[in-house]
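Trainee: I am new to this structure and would like to learn how each label is earned. Could we go through it together, setting values against definitions?

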2 protein chains.
Amino acid sequence: MKNPKPTRQRERHNVYRRVREKIIGLDFSPGSAISENELAAALGVSRTPVREAMLLLTEEGLVEVFAKIGTFVSRVDPEQVAEAQFLREAVELASLRSLSTPLDEEKVDRLRDNLRRQKETGEDIRSFFALDEEFHRGLMDLAGHESSWSTVSAAKSHLDRARMLGIRKIPELGRLTEEHHAIFDAAVSGDAATAERHLRSHLRLVFADVKAVEEDSPELFVRDRDAGPHRRSAFVWD
Amino acid sequence: MKNPKPTRQRERHNVYRRVREKIIGLDFSPGSAISENELAAALGVSRTPVREAMLLLTEEGLVEVFAKIGTFVSRVDPEQVAEAQFLREAVELASLRSLSTPLDEEKVDRLRDNLRRQKETGEDIRSFFALDEEFHRGLMDLAGHESSWSTVSAAKSHLDRARMLGIRKIPELGRLTEEHHAIFDAAVSGDAATAERHLRSHLRLVFADVKAVEEDSPELFVRDRDAGPHRRSAFVWD
DNA sequence: CACATGATTCTTGCATACAAGCCTTGCATG
DNA sequence: CATGCAAGGCTTGTATGCAAGAATCATGTG
């Protein structure tokens, strides 16, 4: 991938990346406030790159900005979670369906290696989460639809946070790895129908877990859609 | 500041909306330069809202910003067009598949009215384009997946520009309306399979038209992916 | 004429200053 | 003690200034 990327606007991208990690990783609690000034000071930059990062996160649905009131980490919206589920299922299944032989051996090897690392990963949820993400992207890359994965990935940030909660509750990461393996095996053996069945089942089980958590930690989810934010901040950096 | 603005905070959105329309409508030619300073002066605002609007357009893939070089309307990327086609087909078909009776009569009526207006629209390409967009969104709304449509819609900006070119070449808008009608009739009659078939055929015909145009106006498309941009500007506002 | 080279003029990225409005807090008052 | 109210602190939105670098143009040289 030798893309002549538009020049890396380093500060903005750094702020974006770091804050996004904190939000997805639930270090920044849904509903809490983020002050542009505090964040800028903590990161040693001015408000400009911070502000632009917030704009990107807003577009991604991870934060909500209210003029002259404040910026807040958005609560997990069950509606958005469900829509992301629908979107990813539609796209990932279509991608699997569009697989054509012969498969790119290098990409297959990467997936195989990924699965191996999944098994080695013990109880480290974050590592597993990253590997899971990489696996699904690799699966779409196999069909040449990696760029569509970016779209799906960006749209499913609410789903990801919910999954982060779900995975914490269900430490049987091995089950997920097994499902991944079943999908992979069917895909490389050319049995698209079976792969499709396994993938659908896998995605729906994940979704079921997510819904189970919603009742457990309701304070992290959207309650009243018209509820106004408060300035009370739970902001801490590191 | 010379003019006291009645409503603030909308500057960024205004800039974004206006520039986006110009780009999608091909009033800003793919490959041409956009100067933040010129744009700000032309719109009577400072660079800040302009800059932030450019950031959003960048995320949407409509412009490319090169630090210390310039901002350019992105050329239509056939790869992105193809990926958008894949994405929309996957999502729209899945949406149609997920239709469950009974259908919301109000939404059905809206679609019916939309089709009526499509017939009345003569050769006005922009009006038809807007109605086409509204039709497809309405179709997804029928299945309760309107918000997924937003994602698809945002991802298919390159496809849209290509279609804008394609439609100019093919004045038989009536054909498209007929296809829309076939999809709609099958959907409301509960024949999901037929609706799916019509929709797939419709989307692929549109895509075929797009590809036909690529050879006709190659200067608007990405040629050499490593080609550097030039500062030569074709910037005009109105 | 061809070509190298330095000055100039743009460009965007970041920092800073100002504007406008909401929220909180503290004080005065019944 | 409870409550109303005003002032100050904090918020984001916008404007502006500065810096670094890339492309371009003019100039000098072979």
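Trainee: Where is Pro102(A) found, and what makes the peptide bond before it cis?

Mentor: Pro102(A) is found in the loop between helix H4 (78-97) and helix H5 (105-120) of chain A, where helices (H or I, at least four residues) and strands (E, at least two) are DSSP runs, numbered from the N terminus. The peptide bond from Thr101(A) to Pro102(A) has an omega near 0°, and it is cis. In chain B, the bond from Thr101(B) to Pro102(B) is cis, with omega near 0°, and Pro102(B) sits in the loop between H4 and helix H5 (105-120) of chain B. As a general matter, most peptide bonds are trans.

Trainee: How should I read the numbering, and what kind of model is this?

Mentor: Residues are numbered from 1 along each chain as its sequence is written, while chains are lettered from A and ligands numbered from 1 in the order in which they are written. This is a predicted model, in which local features need pLDDT of at least 70 and side-chain atom pairs count only at pLDDT 80 or more, whereas totals for chains, interfaces and linings use all residues, and side-chain values use heavy atoms, with hydrogens and water left out.

Trainee: What makes the phi of Lys68(A) worth a remark, and where does this residue lie?

Mentor: Phi of Lys68(A) is near 65°, which is a positive value in a residue other than glycine. Most residues other than glycine have a negative phi. Lys68(A) lies in the loop between strand E2 (63-66) and strand E3 (70-73) of chain A, and these two strands form a hairpin with 3 residues between them.

Trainee: How do you know that E2(A) and E3(A) pair?

Mentor: Two strands pair if DSSP finds at least two bridges between them, and 4 bridges join E2(A) to E3(A), so these antiparallel strands meet the rule. Val65(A) stands opposite Thr71(A) in E3(A), and Phe66(A) has Gly70(A) as its bridge partner in E3(A). Strand E1 (residues 33-34) of chain A pairs with E3(A) over 2 bridges in the antiparallel sense, with Phe72(A) as the bridge partner of Ala33(A).

Trainee: Why are E1 and E2 of chain A called edge strands?

Mentor: The 3 strands form an open antiparallel sheet in the order E1-E3-E2 (chain A), and E1 and E2 of chain A are the edge strands, since each pairs on one side only. Helix H3 (residues 47-60) of chain A packs on this sheet, touching E1, E2 and E3 of chain A, and its direction makes about 115° with that of E2(A). Here contact means heavy atoms within 4.5 Å, and axes are lines fitted to C-alpha atoms, for helices over the stretch in contact, with angles running from 0 to 180 degrees between N-to-C directions.

Trainee: What makes the pair of Arg51(B) and Glu36(B) a salt bridge?

Mentor: A salt bridge needs a side-chain nitrogen of Lys or Arg within 4 Å of a carboxyl oxygen of Asp or Glu, and the closest N and O atoms of Arg51(B) and Glu36(B) are 3.6 Å apart, so the pair qualifies. Arg51(B) lies in helix H3 of chain B and Glu36(B) in helix H2 (residues 36-43) of chain B, so the pair ties together parts that are 15 residues apart in sequence.

Trainee: How many salt bridges join chain B and chain A, and which residues form one of them?

Mentor: The count between chain B and chain A is 2 salt bridges; one of them joins Glu52(B) to Arg51(A), with the closest N and O atoms 2.7 Å apart.

Trainee: What does the area buried between chain B and chain A stand for?

Mentor: Buried area is the accessible area (1.4 Å probe) that two parts lose on being put together, summed over both. Chain B and chain A bury about 2,400 Å² between them, 64% of it on carbon and sulfur atoms. In chain B, Leu55(B), Glu83(B) and Phe86(B) lose the most area to chain A, together 25% of what that side buries. The contact takes 28 residues from chain B and 29 residues from chain A.
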